[in-house]
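Visitor: I would like a close look at one part of this protein, the largest nonpolar core. Could you walk me through what builds it and what lies around it?

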Amino acid sequence: MAGRRALKAVLIDLSGTLHIEDTAVPGAQDALNRLRQASVAVKFVTNTTKESKRNLLERLQRLNFDLQEKEIFTSLSAARSLLEQKQHKPLLLVEDSALEDFTGIDTSEPDAVVIGLAPDHFNYQSLNKAFRMILDGAPLIAIHKARYYKRKDGLALGPGPFVTGLEYATDCKATVVGKPEKTFFTQALSDLGCSPSEAVMIGDDARDDVGGAQNAGMLGILVKTGKYRDGDERKIDPPPYLTCNSFPDAVEHILRNLL
């Protein structure tokens with residue numbers, strides 16, 4: 001399908017693709033090292049909002065993944081950029097471990113609601129406060145709207161159902177900054193010196209990773225680890241460029257067929 005197009009960059013999802021919580025996908029570290037030896041830029045793109053970029057980096061380094069903080073682009077980064085651009089003072093519905101990525105942002109007298117994955121804060125009181133702010137005109141900013149994600153004890157609700165609940169209750173539409181938004185992918189590629197047509201995305205989420213990337217003009221490879229469930233590849237149109245068992249298989253295909 002893609003032929004020998006000039007591939008310059010590989011964007012890689014983290015949770016569910018390289019690791020699930022504190023367990024690496026088998027063979028993922030070696031596959032990443034092989035990919036780094038090829039003539040292609042690598043960047044890690046994640047919707048993870050449960051922890052700061054620094055905590056995420058430390059987690060991955062403990063699992064013996066070779067990466068640097070500057071190579072990670074998160075939906076928290078995209079949300080912060082939007083807040084700075086609009087000069088909003090946010091009510092942050094995120095986990096405490098993610099607050100570090102908003103250091104320096106004024107949160108006094110908030111005038112916007114920012115919602116990520118925040119299991120410890122998703123209670124009636126906090127959601128009702130957000131609801132009232134939105135009714136009074138505060139914009140609703142969703143770091144992402146994933147339906148669910150994979151934990152070691154099974155699938156778990158993502159922020160999407162809570163964002164959708166606030167949208168329904170307030171009759172408003174959230175601004176979404178993470179995957180699958182086209183701007184998220186173009187921002188991630190912006191410092192790599194390549195266009196979407198010269199990049200491929202590897203992830204475990206058919207809609208957010210693969211569908212989002214392909215809508216932005218990239219190739220999308222869906223892996224059957226993490227949150228993948230049988231038939232996910234049929235949930236998007238066009239279907240993934242490739243569906244394979246795991247990240248090492250995706251890397252093998254790239255090295256054999258796209259470079």
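Guide: Here is a tour of that core, followed by its surroundings. Happily, a few ground rules will do: this is a predicted model, in which local features need pLDDT of at least 70 and side-chain atom pairs count only at pLDDT 80 or more, while totals for chains, interfaces and linings use all residues. Residues are numbered from 1 along each chain as its sequence is written, and side-chain values use heavy atoms, with hydrogens and water left out.

The largest nonpolar core holds 35 residues. By nonpolar core I mean a set of buried Ala, Val, Leu, Ile, Met, Phe, Trp, Tyr and Cys residues joined through side-chain atoms within 4.5 Å; buried is under 20% relative accessible area, exposed over 50%, and partly exposed in between, with a 1.4 Å probe and protein chains only. Val-10, Ile-12, Phe-44, Phe-65, Ile-221, Phe-247 and Ile-254 have the most contacts inside this core. The elements giving it two or more residues are the strands β1 (9–12), β4 (41–46), β12 (199–203), β13 (219–223) and β14 (242–244), together with the helices α1 (28–36), α2 (53–62) and α8 (247–258). These are DSSP runs numbered from the N terminus, with helices being H or I of at least four residues and strands E of at least two. With 5 residues, α8 gives the most to this core.

Now zoom in on Val-10. Setting aside neighbours within four places in sequence, Val-10 is in contact (heavy atoms within 4.5 Å) with Leu-35, Val-40, Ala-41, Val-42, Lys-43, Val-200, Ile-202 and Ile-254. Another core lies apart from the largest one; it has 28 residues, including Phe-73, Leu-83, Ile-143 and Ala-213.

Two loops that adjoin β13 are worth a stop as well. Asp-232 sits in the loop between β13 and β14, and is buried, with a relative accessible area of 4%. Beyond its neighbours within four places in sequence, Asp-232 is in contact with Ala-206, Leu-222 and Lys-227. Ala-216 is in the loop between α7 (206–215) and β13; Ala-216 also counts as buried, at 8% relative accessibility. Not counting residues up to four places away in sequence, Ala-216 touches Lys-182, Phe-185 and Pro-196. From Ala-216 to Phe-184 is 9.3 Å in space, C-alpha to C-alpha, although the two are 32 residues apart in sequence.

Stepping back, the chain has 8 helices and 14 strands, and buried residues make up 56% of its 259 residues.
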